[in-house]
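Reader: Hello! I would love a close look at one part of this model, with the surroundings explained as you go.

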Amino acid sequence: KPEIAKKLLAIKWLGNEGSHTDTISKNDVLDAYEILDWVLDELYVGYRMQLEKKVAKINKTKRALHPST
């Protein structure tokens, strides 16, 4: 997932800054946590919401979404 990879790369750069300089700002640390929260939400909460929609559609139509042909 390229969009998630971009966000994780940003966290990497913030981590490098903290590892290779004497200081990193509190705001930079908070930015990293905020980005990580977005990634986890996208991976887990967003995925669950997609599954909920599938479940609702299957139950509504009372049949498979992808019937074999």
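Where is Ala64 found?

Author: Happy to walk through it with you, keeping in mind that this is a predicted model. Ala64 is found in the segment after helix H2. With a relative accessibility of 47%, Ala64 counts as partly exposed, because the exposed class begins over 50%. To place Ala64 against the rest of the chain, take Gln50: the two are 14 residues apart in sequence, and their C-alpha atoms are 16 Å apart in space.

Lys62 also lies in the segment after H2. The backbone of Lys62 deserves a glance, since its phi is positive, about 55°, although Lys62 is not a glycine. At 74% relative accessibility, Lys62 counts as exposed.

Now step back to the helix that precedes this segment. H2 covers residues 26-61, and it packs with H1, residues 2-20, at an angle of about 155° with the axes 10 Å apart. Angles over 145 degrees count as roughly antiparallel, and H1 and H2 are therefore roughly antiparallel to each other. The crossing of H1 past H2 is left-handed.

Which residues make that contact? On the H1 side they are Ile4, Lys7, Leu8, Ala10, Ile11 and Leu14, and they meet Asp28, Asp31, Ala32, Ile35, Leu36, Trp38, Val39, Glu42 and Leu43 in H2. By character, the residues of this contact divide into 11 nonpolar, no polar and 4 charged.

Two of the H1 residues in the contact are worth following further, Ala10 and Lys7. Ala10 lies in H1 and is partly exposed, with a relative accessible area of 29%. Between the C-alpha atoms of Ala10 and Asp22 there are 19 Å, for a separation of 12 residues along the chain.

Lys7 leads us to the salt bridges, of which the structure holds 2. In one, Lys7 pairs with Glu3, and the closest N and O atoms are 3.8 Å apart. Lys7 and Glu3 are 4 residues apart in helix H1, so about one helical turn separates them. Lys7 counts as partly exposed at 25% relative accessibility. Salt bridges that share partners join Glu3, Lys6 and Lys7 into one network. Glu3 also forms a salt bridge with Lys6, where the closest N and O atoms are 3.4 Å apart. Here the spacing in H1 is 3 residues, so Glu3 and Lys6 are likewise separated by about one helical turn. Glu3 is partly exposed at 44% relative accessibility, whereas Lys6 is exposed, with a relative accessible area of 53%.

Key:
Residues numbered from 1 in each chain as written. Predicted model: local features only at pLDDT ≥ 70, side-chain atom pairs only at ≥ 80, totals over all residues. Heavy atoms only, no water. Axes fitted to C-alpha atoms, helices over the stretch in contact; angles between N-to-C directions. Parallel < 35°, antiparallel > 145°, perpendicular 65-115°, else oblique. Left-handed = near helix turned anticlockwise from the far one by under 90°. Contact = heavy atoms within 4.5 Å. Nonpolar A, V, L, I, M, F, W, Y, C, P; charged D, E, K, R; others polar. Buried < 20%, exposed > 50% of the residue type's maximum accessible area, 1.4 Å probe, protein only. Salt bridge = Lys/Arg side-chain N within 4 Å of Asp/Glu carboxyl O.
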